[in-house]
Amino acid sequence: MAVAGKAEGDGSAQIGTWVFDPASKTLCRIGEDPIRLEDKVSALLELLHARVGEVVSRDEIVTAVWDGRAVSEQTVPVAISKLRKALASPEGAKPYIETVPKRGYRLRPTSGAESAPARGPLWVLGAVAVLLLAVGLFWSRDDLSVTPPVAAEKPGIILTLKDIRAPSGTDADVRRAIALSELASYYLSRVPEVLVIRHWWNFDAPDPTGGIFTRYGEDTPVYLIKGTLIDEGGSPLVLLSLSVPLKEEVIWSGAFDADGSAESYFTLLASMIEKVGVPNPMVARAGAPALNVDQNFWHGRYMAQLSNRGAVQNAVADLTHLLVEKPDHVMAQNSLAALAARWPDLVPSDLVPNVPATVTVLEGDHLSAVDEASVYLFREKDNARAQQALERALTLAPGDHYALSLLAEAQASEGDIKSALENYEKAMRLAPFARAYGARYDAIQKHGAN
């Protein structure tokens with residue numbers, strides 16, 4: 001076996017088809033320009049190469065590369081991701097760097113076949129190329145794990161919002177964290193200059209963005225919003241940060257008193273996205289009703305949008321509890337009316353007489369338009385009016401994934417399967433956590449609206 005080893009004549013190292021020069025911090029191979037690695041990434045590769053075939057733990061990496069300094073949880077995975085991107089393996093081969101779950105990372109030994117460029121008769125290579133092209137043209141795509149092609153619509157800025165963490169793990173803190181994540185999503189989805197994705201980053205994956213750059217291009221600015229709920233002297237506090245994730249560069253941070261008003265929360269979020277060049281983002285919610293940080297409402301709204309029976313039952317319980325405390329809460333009444341229209345068997349019979357039959361449309365509020373569409377779509381079976389309501393909702397909040405899923409349902413029921421699948425794809429990209437979207441996509445693709 002030709003393992004990764006020293007190249008002849010200098011201090012460089014052979015790694016598969018690559019030659020790594022630690023002195024100049026470069027990777028190169030025949031016929032290609034050298035790639036200059038960042039200092040830490042180069043030091044990481046040098047460490048892994050020195051122990052080729054061995055598992056190197058995160059702590060060992062931090063000690064060797066970062067001199068044992070305190071670093072964030074993402075520091076090592078980000079460096080690994082950058083190294084994998086630079087150290088691309090031959091087509092069809094395993095990545096040179098492997099993740100060993102719960103243990104660390106390993107630079108795998110490479111075979112002689114991987115260390116030399118592929119050779120063969122030109123007619124064989126041409127035949128293979130034609131075969132691959134034919135497969136690409138005629139293969140039926142029913143696997144959403146394949147990254148979709150670049151979309152025609154290209155956002156100016158992408159914000160990926162990770163759900164706020166609640167390290168305490170208590171039910172109360174987890175509910176509060178989910179509610180505050182949903183409220184942030186509500187506000188940000190109304191900013192037309194940005195595309196907001198409720199997204200989990202996986203820094204150990206070949207593409208930690210989950211296909212963002214493949215779809216929109218690497219020149220699209222992508223930012224990561226993270227938050228943590230902590231106890232500060234007996235008061236809940238949310239610490240927020242905005243970063244350029246692949247560079248580990250934090251460009252904004254702020255704190256929100258979790259017992260504060262929604263208006264102060266939105267003001268903080270506005271200052272955050274102003275940092276990425278979005279002017280006066282508070283105008284995005286002009287005309288919307290005054291909002292409160294009602295945990296039951298926003299937690300219930302999140303659960304409802306998961307679109308599965310268990311989550312919807314939780315949503316009904318949240319909204320019912322809120323209406324006991326605040327019987328005049330119009331947005332909760334609207335949400336409950338929408339759930340009763342779509343999931344009538346999940347609303348307790350003793351509650352049905354108290355569920356509004358119609359939705360009160362609030363000027364400037366996209367959620368009431370979404371709820372109105374649910375009533376038209378599922379109870380009244382009036383697709384035309386449902387789609388009109390959804391058009392209003394998406395005009396106010398272009399990034400509302402649930403509105404897109406309802407629009408897909410309306411289109412599917414009219415037989416417009418192509419548009420329905422396109423809108424479900426958009427909804428899935430905006431909200432990867434909503435697994436029911438994928439299930440409905442598959443069902444519509446195979447069976448139509450039924």
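This report walks through a predicted model of one protein chain, from its overall make-up to a few helices, strands and single residues.

**The chain as a whole**

Let's start with the broad view. The secondary structure of the protein chain comes to 16 helices and twelve strands. Of its 450 residues, 49% count as buried. If you look at contacts between residues at least 6 apart in sequence, 58% of them join residues at least 24 apart.

How confident is the predictor? The mean pLDDT of the protein chain is 79, and 78% of the residues reach 70 or more. Among the elements of the chain, α12 has the highest mean pLDDT, at 95, while helix α5 (residues 122–138) has the lowest, at 35. Please read two stretches with care. Over residues 112–152 the pLDDT stays under 50, and the model has 31 contacts beyond four places in sequence for them. Residues 283–287 also stay under 50, with ten such contacts.

**A five-stranded sheet and its helix**

Now to the strands. As general background, strands of a sheet pair through backbone hydrogen bonds, either parallel or antiparallel. In this model, an open sheet of five strands has the order β9-β8-β10-β11-β12, and its pairing is mixed. The edges are formed by β9 (194–198) and β12 (249–257), each of which pairs on one side only. On average, neighbouring strands of this sheet are turned by 25° against each other, direction ignored.

Within the sheet, strand β8 (residues 157–161) runs parallel to β9, and five bridges join the two. If you would like a place to look, I158 stands opposite L195 in β9. Helix α6 (residues 171–188) lies across β8, β9, β10 (222–232), β11 (235–244) and β12, and runs at about 160° to β9.

**A hairpin**

Strands β6 (residues 97–100) and β7 (residues 104–107) run antiparallel and are joined by four bridges. Here V100 stands opposite G104 in β7. Three residues lie between the strands of this hairpin, where K102 takes a positive phi near 65°.

**Two helices, α3 and α13**

How does the span of helix α3 (residues 75–86) agree with what its twelve residues should give? At 1.5 Å a residue the helix should span 16 Å, and its end C-alpha atoms are 17 Å apart, which agrees. Ten of the twelve residues of α3 are buried, so this helix is largely enclosed by the rest of the structure. Among those buried residues are T75, P77, I80, L83 and R84.

Helix α13 has 14 residues and reaches 20 Å from its first C-alpha to its last, close to the 20 Å expected. Its buried residues are N383, A386, Q387, A389, L390, A393 and L394. Seen down the axis of α13, these buried residues fall within an arc of 160°, so they line one face of the helix. On the other side of α13, E391 and T395 are exposed. The cover over the buried residues of α13 includes α12 and α14 (401–413).

**Three residues worth a look**

S307 and K381 share a backbone feature: S307 has a positive phi of about 60° although it is not a glycine, and K381 has a positive phi of about 55°, again without being a glycine. S307 sits in the loop between α9 (295–305) and α10 (309–325), and K381 in the loop between α12 (366–379) and α13 (383–396).

Buried or exposed: which applies to S307? Its relative accessible area is 11%, and because buried means under 20%, S307 counts as buried. K381 has a relative accessible area of 62%, so with the exposed class starting over 50%, K381 is exposed.

S368 is found in helix α12. With a relative accessibility of 1%, S368 counts as buried. Not counting residues up to four places away in sequence, S368 touches N334, V359, T360, V361 and L362.

The table sets the accessibility values of these residues side by side.

| Residue | Relative accessible area | Class |
|---|---|---|
| S307 | 11% | buried |
| K381 | 62% | exposed |
| S368 | 1% | buried |

Key:
Residues are numbered from 1 along each chain as its sequence is written. This is a predicted model: local features need pLDDT of at least 70, side-chain atom pairs count only at pLDDT 80 or more; totals for chains, interfaces and linings use all residues. Side-chain values use heavy atoms; hydrogens and water are left out. Buried means under 20% relative accessible area, exposed over 50%, partly exposed in between (1.4 Å probe, protein chains only). Contact means heavy atoms within 4.5 Å. The expected span of a helix is 1.5 Å times one less than its number of residues. The arc is that of the directions from the helix axis to the C-beta atoms. Two strands pair if DSSP finds at least two bridges between them. Axes are lines fitted to C-alpha atoms, for helices over the stretch in contact, and angles run from 0 to 180 degrees between N-to-C directions. pLDDT is the predictor's confidence in each residue, from 0 to 100.
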